[in-house]
Amino acid sequence: MLQPKIGDYASSPQSRDGRFHNPRPPGPGDMPESTLRVWWNFLFNKPAGTVPSSPVPIHRLSRAELDAAPDRSLYRLGHSTVLMKLRGQWWLTDPVFSERAAPVQFFGPKRFHAPPISIDELPPIRAVILSHDHYDHLDRAAIKALGEKAELFLMPLGVGDRLLDWGIARDKIRQFDWWQGTEVDGLRLTVTPAQHFSGRSFSDGNRTLWASWVIQDDDYRLFFSGDSGYFKGFAEIGERFGPFDLTLMETGAYNEQWPYVHMLPSETVQAHQDLRGRWLLPIHNGTFDLGMHVWEDPFDQILHFAAEHGVLVATPMMGERINMNAPHAGRLWWREEAVTSSSAFPAAIAGQARP
């Protein structure tokens, strides 16, 4: 069990009886009736196509390319790992570079693709921004490797205790409750609510807080969702901080059995609209087999529902640069013949030819 070392979190409005809680507890239909059955199906009854049949294309990044990148460049490195250049410095979200998103590296969800760049090749990182402590968002090996390269580690309450256990210097760790934040070299970062859960074992559930993030660079506003089910908090965040120029939104590992903790694609689009976002960039997909859906389904579905509502969507290939000031849609790279796991091509997507 995780033992608090940095602070006592009992004063947090989200804390009760030593654990953190969402404002709204799950209701009927929010969670599966049998967790055991869900795990059994996840491990042994996966549908066909949850893993790509061929290597996923990536743009291999170099240090030289990053050094030459202009300000407000953004690169998706995989899953929810995003590298951003803001105010001339580099910021990294939920860094996961290991082969598996699991407690051990011989079993568990394995990467579909290598990271577009290694940690050793990365430029100095001003701050690592963490959303919560699940294995597909908090990679111990990556955090330890970033210990010297990153100047700061920013995270919700309790996650810092894990980093302290892993050898990260205490003066580099900054923890925040919802609606709290900090300013770093003129960049304003605020922890905002999410509807999710935490834990890395069967005994430490919800001992650490989960969160989304608002990042403000002068008049530019970016939202990083972390993981979340759809909830009214998106509208409140939109009212307090919106409109957003770009939202990095969870779109993957969803299922109708667990909408309380992961959004369906239609809900992701609605959350983006609640936030008053302009461009939507779907994350939490394309790297690990964490759902019961075909691996490319998150991309197809988000484009389908976004088209229905006139929402602008950017789908960069892993390692491809996005200009945060003027994002581009990107091509349907996951539907290239060599990568697709199924021959079906949804009619709703077929009509969305993109450059």
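## A walk from helix H7 to the core

Start with helix H7: its buried residues are Pro298, Phe299, Asp300, Ile302, Leu303 and Ala306. Bear in mind as you click around that this is a predicted model.

Now select the whole helix, residues 297-309, and put a distance between its end C-alpha atoms. You should get 19 Å. With 13 residues at 1.5 Å a residue, the expected span is 18 Å, so the two values agree. Step just past the helix and you land on Gly310, which has a positive phi, near 65°.

Next, jump to strand S13, residues 244-250, and pick out Thr247. Is Thr247 buried or exposed? Its relative accessible area is 0%, and buried means under 20%, so Thr247 counts as buried. Show side chains here: Thr247 and His272 are joined by a polar contact of 2.8 Å. His272 also turns up among the contacts of Thr247 beyond four places in sequence, along with Phe223, Leu275, Gly277, Trp279, Leu280 and Leu281.

Last stop: the largest nonpolar core, with 35 residues. Colour Leu74, Met84, Trp91, Leu189, Leu222 and Leu248, the residues with the most contacts inside this core. Which elements give two or more residues to it? They are strands S4 (81-86), S6 (125-129), S7 (150-156), S10 (187-192), S11 (212-217), S12 (220-224), S13 and S14 (277-283).

To finish, centre on Leu248. Setting aside residues up to four places away in sequence, Leu248 touches Leu74, Val82, Leu222, Phe223, Phe224, Ser225, Leu281 and Ile283.

Definitions and conventions. Residues numbered from 1 in each chain as written. Predicted model: local features only at pLDDT ≥ 70, side-chain atom pairs only at ≥ 80, totals over all residues. Heavy atoms only, no water. Helix = DSSP H or I, 4+ residues; strand = E, 2+ residues; numbered from the N terminus. Expected span 1.5 Å × (residues − 1). Buried < 20%, exposed > 50% of the residue type's maximum accessible area, 1.4 Å probe, protein only. Polar contact = N/O pair within 3.5 Å; in protein donor to acceptor, adjacent residues only side chain to side chain. Contact = heavy atoms within 4.5 Å. Core = buried A, V, L, I, M, F, W, Y, C linked by side-chain atoms within 4.5 Å.
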